[in-house]
Amino acid sequence: MADLASETTEGRAAPLIVAAGDLCGTATDCRPTARLIGRISPRRVLALGDNAYPDGTLSQYRAYYRPNWGRFKAKTSPVPGNHEFRTPNAQGYRDFFGARAPALYYSYNLGAWHLIALSGDINVSAGSPQERWLRRDLARHPRRCILAYWHEPRFTSGTVHSSDPRFGPFWRALYAARADVVLNGHVHNYERFARQSPSGRKTRKGIREFVIGTGGISHYASGRPIKHSQVQNDTAFGVLKLRLLRRSYRWKFARAAGPKFHDSGTTRCSRRPRTFRAAPAASSRTTGEAPSPLMLFHAHASELLRRR
């Protein structure tokens, strides 16, 4: 395989991004992955939620996240996790990141790719404001390659958290638009899946999901692999490196600490459909509107009851 650093697209270096979730519970446990990111020097850093434990307060972000992953704040595009919502409205997360997190869901372009940051801890159902926004966003950005990310995975073999069917609406919208990659955390291990449909059917036109809950807080034991799980690791901490080429992507798990583990590969982007019909909408914003306080209250209360 060619050196990732030498990959180019139309004469320019293709963007290199890194991603992981479940990061900092002390000032030291996410230090190895932060040092690794410093050596990699990516274009963009994706913090996949549960970035500052245990409650995502502003003081925890300042004490634990800022000395480590906070060094890359200027090029970080984060999403919140369930622990961020232990602070009402995920306010610690929002105050810390400021303009780097323009809303609880937003999107942006990077090279030939369109990236979509979503929130798994507010309403994600079909017809919700977030799901309608997602469909509008996909319709407005007919770029060839699409990557979406949020905290909780639709599919996982994990022993502490299970596959979450709540995210079927996200997957259906992304699949209809021929999205290519979904990134999640929440499960404190690494897992790569084959390309599959929202119902879990293996298909060449499907979405490849990576679970990268290996940012530093801890590990969960991997369970028996579910259908289409291709690789698992629950002993190494690290980040996923993705080189976003014009018509494909290269991935590599970069180990920061723990036993040796390797996973890498290349996949071409899906061919886009001629048209993608969004749900009717009145807005054309590229960032999602903040949900109402009542919506956030119910989402936060149900999350505390349902999740650790």
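How many disulfides does the model contain, if a disulfide is a pair of cysteine sulfur atoms within 2.5 Å? By this rule the count comes to two disulfides. The model is predicted, so local features need pLDDT of at least 70 and side-chain atom pairs count only at pLDDT 80 or more, while totals for chains, interfaces and linings use all residues. Residues are numbered from 1 along each chain as its sequence is written, and side-chain values use heavy atoms, with hydrogens and water left out.

**First stop: C24 and C30**

Select C24 and C30, which are joined by a disulfide with an S to S distance of 2.1 Å. The link is right-handed, with 105° about the S-S bond. Both cysteines are buried, a term that means under 20% relative accessible area, as against exposed over 50% and partly exposed in between (1.4 Å probe, protein chains only).

**Second stop: C145 and C269**

Next, select C145 and C269, whose sulfur atoms lie 2.0 Å apart in a disulfide. This link is right-handed, with 110° about the S-S bond. C145 belongs to strand 7, whereas C269 sits in the loop between strand 14 (264-268) and helix 6 (293-306), so the pair ties together parts that are 124 residues apart in sequence. Helices (H or I, at least four residues) and strands (E, at least two) are DSSP runs, numbered from the N terminus. C145 counts as buried because its relative accessibility is 0%; C269, at 6%, also counts as buried. With the bonded cysteines of the protein numbered in sequence order, the pairing reads 1-2, 3-4.

**Third stop: the sheet**

From C145 in strand 7, extend the selection to the open sheet of seven strands, which has the order 5-6-7-8-10-9-11 and mixed pairing. Two strands pair if DSSP finds at least two bridges between them. Strand 5 (106-110) and strand 11 (229-233) stand at the edges with a single partner strand each, so one side of each has no neighbour in the sheet. From one strand to the next, the twist averages 15°; axes are lines fitted to C-alpha atoms, for helices over the stretch in contact, and angles run from 0 to 180 degrees between N-to-C directions.

**Fourth stop: strands 6 and 7, with helix 4**

Now select residues 113-117 (strand 6) and 145-149 (strand 7), which run parallel and are joined by five bridges. One pair to display is I116 with A148, its bridge partner in strand 7. Finally, add helix 4 (residues 129-140), which packs on the sheet and touches strand 5, strand 6 and strand 7; contact here means heavy atoms within 4.5 Å. The direction of helix 4 makes about 170° with that of strand 6.

Technical notes:
Disulfide = S-S within 2.5 Å.
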